[in-house]
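The following exercises concern one protein chain and its ligand. Please attempt each task before reading its worked solution.

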Amino acid sequence: MTKTIIFLVLVALASTFYISRKQMSDQKKDVWATYVNKKTERDGAILAAGRDGSPIILDWSIRNVSDSDFYEKQSQMIETSVEAFTKVEMDFLKAHTDEALQDEHFKTLKPFFADGKQNVDWDAATQKMRDRIRAIYETKNEALSSDFVFIFVILKDQETNKQLGSAQFFIMPDYPDGDVRVVSIAVKPEHQRKGLGKLLMDSVINIIPETKRIFLSTRITNEGAISAYKKWGFTEDPHPSVGHFMFPDHWIHLEKKVGGLRSAL
Ligand SMILES: CC(C)(COP(=O)(O)OP(=O)(O)OC[C@H]1O[C@@H](n2cnc3c(N)ncnc32)[C@H](O)[C@@H]1OP(=O)(O)O)[C@@H](O)C(=O)NCCC(=O)NCCS
């Protein structure tokens, strides 16, 4: 009898401890996105230099969908993203045609394959992919909620003010404290391998010094980006959130722990 009571008390204590730990961690998750969303400094610029010493400026903004200039900021990603990502997507399509064509993302390219892979007009298909990527950045996304936080970064040549690259980071309310996802990072092809991609990736730590982990997913065929990420210290993410990927095996999930300057919330 006494043993049973002791056992029940221990079970009750353990579940109370578990529930309060879970509540605490859920609260922390909400606090992190809200904390970044409420930052008073929502725009800024970082001065830097490329590997060859060329002066660079990184203009950044923290925004959510309820900001009036949200879609304007998003459309600034088009200039570099269309150019950089079209090749990435076409490489994937060429390597994994059958699976790719089942994916909604490649739907508009299906007619090019009507007479078989050997008869595809690749120039026309590539143009279609360009249009598709542009449309992603131009389209209003009804699924976005104002508690989703976006960080937009545009990398420019300081002297000419020309855009050379861009990056987009993201924090959702259910992300653990300090987690930031890379939505996109792109450098114009003719300016790659000059250290600009690293400046873009590191910018998030300057913008949100409380960042503790940066994580991302990229296509397995994207060898250039994968070697860049590994060079920058990213390693395989042991617990990726892959639920939304149609073919999880076609992605590589990486993360980088960056320490974070703020103690845990
Ligand atoms: C990934 C990307 C942003 C890197 O930008 P970047 O300005 O070239 O990167 P950095 O110059 O800072 O770093 C370069 C390092 O990454 C690696 N790297 C970059 N591109 C590479 C390539 N095509 N092949 C092999 N290694 C490559 C190398 O280690 C390189 O160092 P090195 O030039 O001294 O050899 C750029 O390649 C890009 O825009 N790619 C197309 C878009 C894309 O794939 N984005 C990521 C999708 S998630």
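The exercises below proceed from the whole chain to the sheet, the core, one residue and the ligand.

The model is predicted: local features need pLDDT of at least 70, side-chain atom pairs count only at pLDDT 80 or more, and totals for chains, interfaces and linings use all residues. Residues are numbered from 1 along each chain as its sequence is written.

**Exercise 1. The chain**

State how many helices and strands the chain has, and what percentage of its residues count as buried.

Solution. Step one: helices (H or I, at least four residues) and strands (E, at least two) are DSSP runs, numbered from the N terminus. The chain has 7 helices and 8 strands. Step two: a residue is buried if 20 or more other C-beta atoms lie within 10 Å of its own, exposed if 12 or fewer, and partly exposed in between, with C-beta atoms placed from the backbone. By this rule, 26% of the 265 residues count as buried.

**Exercise 2. The sheet**

Determine the order of the strands in the sheet, and identify those at its edges.

Solution. Step one: two strands pair if DSSP finds at least two bridges between them. The 8 strands form an open sheet with mixed pairing, in the order S1-S2-S3-S4-S5-S6-S8-S7. Step two: S1 and S7 (235–236) stand at the edges; each has a single partner strand, so one side of each lacks a neighbour in the sheet.

Step three: consider individual pairs. S2 (residues 55–63) runs antiparallel to S3 and is joined to it by 8 bridges; Ser 61 has Phe 152 of S3 as its bridge partner. S3 is also joined by 8 bridges to S4 (residues 163–171), again antiparallel, and here Ile 151 is partnered by Phe 169. S3 and S4 form a hairpin with 5 residues between them, where Asn 161 in the turn has a positive phi of about 65 degrees. By contrast, S5 and S6 pair in the parallel sense over 3 bridges, and Val 180 has Ile 214 of S6 as its bridge partner.

**Exercise 3. The core**

Which element gives the most residues to the largest nonpolar core?

Solution. Step one: a nonpolar core is a set of buried Ala, Val, Leu, Ile, Met, Phe, Trp, Tyr and Cys residues joined through C-beta atoms within 7 Å. The largest one has 39 residues, of which Ile 151, Val 153, Leu 155 and Leu 200 touch the most other members. Step two: S3 gives the most to this core, with 7 residues. Step three: in S3 (residues 149–157), 7 of the 9 residues are buried.

**Exercise 4. An individual residue**

Is Ala 45 buried or exposed?

Solution. Step one: Ala 45 lies in strand S1 (residues 43–49). Step two: Ala 45 is exposed, because 12 other C-beta atoms lie within 10 Å. Step three: two residues are in contact if their C-beta atoms, placed from the backbone, lie within 7 Å. Leaving aside neighbours within four places in sequence, Ala 45 is in contact with Ile 57, Leu 58 and Asp 59.

**Exercise 5. The ligand**

Describe the shell of residues around the ligand.

Solution. Step one: a residue is near the ligand if its C-beta atom, placed from the backbone, lies within 6 Å of it. The ligand is surrounded by 21 residues, and the closest are Gln 192, Gly 197, Lys 198, Gly 224 and Ala 228. Step two: helix H7 (223–231) is among the elements that give two or more residues to the shell, and its share of 5 residues is the largest. Step three: Ala, Val, Leu, Ile, Met, Phe, Trp, Tyr, Cys and Pro count as nonpolar, Asp, Glu, Lys and Arg as charged, and the others, Gly among them, as polar. The shell has 10 nonpolar, 7 polar and 4 charged residues.
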